[in-house]
Amino acid sequence: MGKCYDWNMEQGLVLWNKRGLAKSALPVLRTDRPAEWQAKYASLTFNQYGREMPNGGMNEAGLVVEIMWLNATRHPPADERRTVNELQWIQYQLDRFATVAEVIDNAPLLRIGRVHGDVHYMACDRSGTCATLEVLDGRLVITRGQELVAPALTNTPYAESAEHLRKHQGFGGKQPIPGGSGSLDRFARAASRSRASMATGSVRR
């Protein structure tokens, strides 16, 4: 997995997160029930806001979780579920799971207590399986399997990005792959380049 990260601050840390540690999430509201867990896997993460709040990373089992900004994110109101914030969610997945299937199975059990960012996620594992996870209109939306027309993610809901992609050459449409800097154009370009890399064998799935 590769990531192009364009943000308004450049500093950060690469952190090694040990297995076996007992953890508790940082609550956002007094009414939150912070998640508690023990790290099953060690991981390597890129952090800009402190330990346990990564902007992405990979664990020793080969699970990768990355984050992208998404203005369309709309979280549900507070409920009885345990909570983590939008960055702790990444560390929770890397600490506990080895596969995308495990992430998908457990994602509905946890609620994200937003601190600052409206975001969505892409997870991939060592088998090459990928999925996107978004919270839209208060519900968790997971895209995987044949619905995941390209293993790419930018700053637009995945379904809208996939619809745009299908207008382009190589993906069912007639338009050339765009060179613009907008989210949808970047998605189409990333999808095209990913397909080309896989075809030449430079990327192993």
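## Burial and overall form

A residue is called buried here when its relative accessible area is under 20%. By that criterion, 46% of the 205 residues of the protein count as buried. The model under discussion is a predicted one.

The protein contains 4 helices and 11 strands. Its C-alpha trace spans about 55 × 35 × 35 Å along the principal axes. The radius of gyration of the protein is 17 Å, which agrees with the value near 17 Å expected of a compact globule with 205 residues. Contacts in the protein also link distant parts of the chain: of those between residues at least 6 apart in sequence, 64% join residues at least 24 apart.

## Helix 1

Helix 1 covers residues 88-96. Because 8 of its 9 residues are buried, helix 1 is largely enclosed by the rest of the structure. The buried residues of helix 1 are Q88, W89, I90, Q91, Y92, Q93, L94 and D95.

## V84 and its surroundings

V84 lies in strand 7, which comprises residues 82-84. With a relative accessibility of 1%, V84 counts as buried, since the cut-off for that class is under 20%.

Neighbours within four places in sequence being left aside, V84 is in contact with A25, A35, W37, W89, L110, R111, I112 and G113. Of these partners, W89 is also listed among the buried residues of helix 1. By contrast, V84 and L184 are 100 residues apart along the chain, and their C-alpha atoms are separated by 29 Å.

## The packing of helix 3 and helix 4

Two packed helices are described by the angle between their axes and by the distance between those axes. For helix 3 (residues 158-165) and helix 4 (residues 183-200), the axes come within 9 Å and cross at roughly 70°. Angles of 65 to 115 degrees count as roughly perpendicular, and helix 3 and helix 4 are therefore roughly perpendicular to each other. The crossing of the two helices, helix 3 and helix 4, is right-handed.

On the helix 3 side, the residues that take part are Y158, E160, S161, A162, H164 and L165; in helix 4 they meet L184, D185, F187, A188 and A191. Sorted by class, this contact of helix 3 with helix 4 has 7 nonpolar, 2 polar and 2 charged residues. L184, one of the helix 4 residues in this contact, is the residue whose C-alpha atom is separated by 29 Å from that of V84.

Terms used: Residues are numbered from 1 along each chain as its sequence is written. This is a predicted model: local features need pLDDT of at least 70, side-chain atom pairs count only at pLDDT 80 or more; totals for chains, interfaces and linings use all residues. Side-chain values use heavy atoms; hydrogens and water are left out. Axes are lines fitted to C-alpha atoms, for helices over the stretch in contact, and angles run from 0 to 180 degrees between N-to-C directions. Angles under 35 degrees count as roughly parallel, over 145 as roughly antiparallel, 65 to 115 as roughly perpendicular and the rest as oblique. A crossing is left-handed if the near helix is turned anticlockwise from the far one by less than a right angle, and right-handed if clockwise. Contact means heavy atoms within 4.5 Å. Ala, Val, Leu, Ile, Met, Phe, Trp, Tyr, Cys and Pro count as nonpolar, Asp, Glu, Lys and Arg as charged, and the others, Gly among them, as polar. The radius of gyration is taken over C-alpha atoms; the globule rule is 2.2 Å times the number of residues to the power 0.38. Buried means under 20% relative accessible area, exposed over 50%, partly exposed in between (1.4 Å probe, protein chains only).
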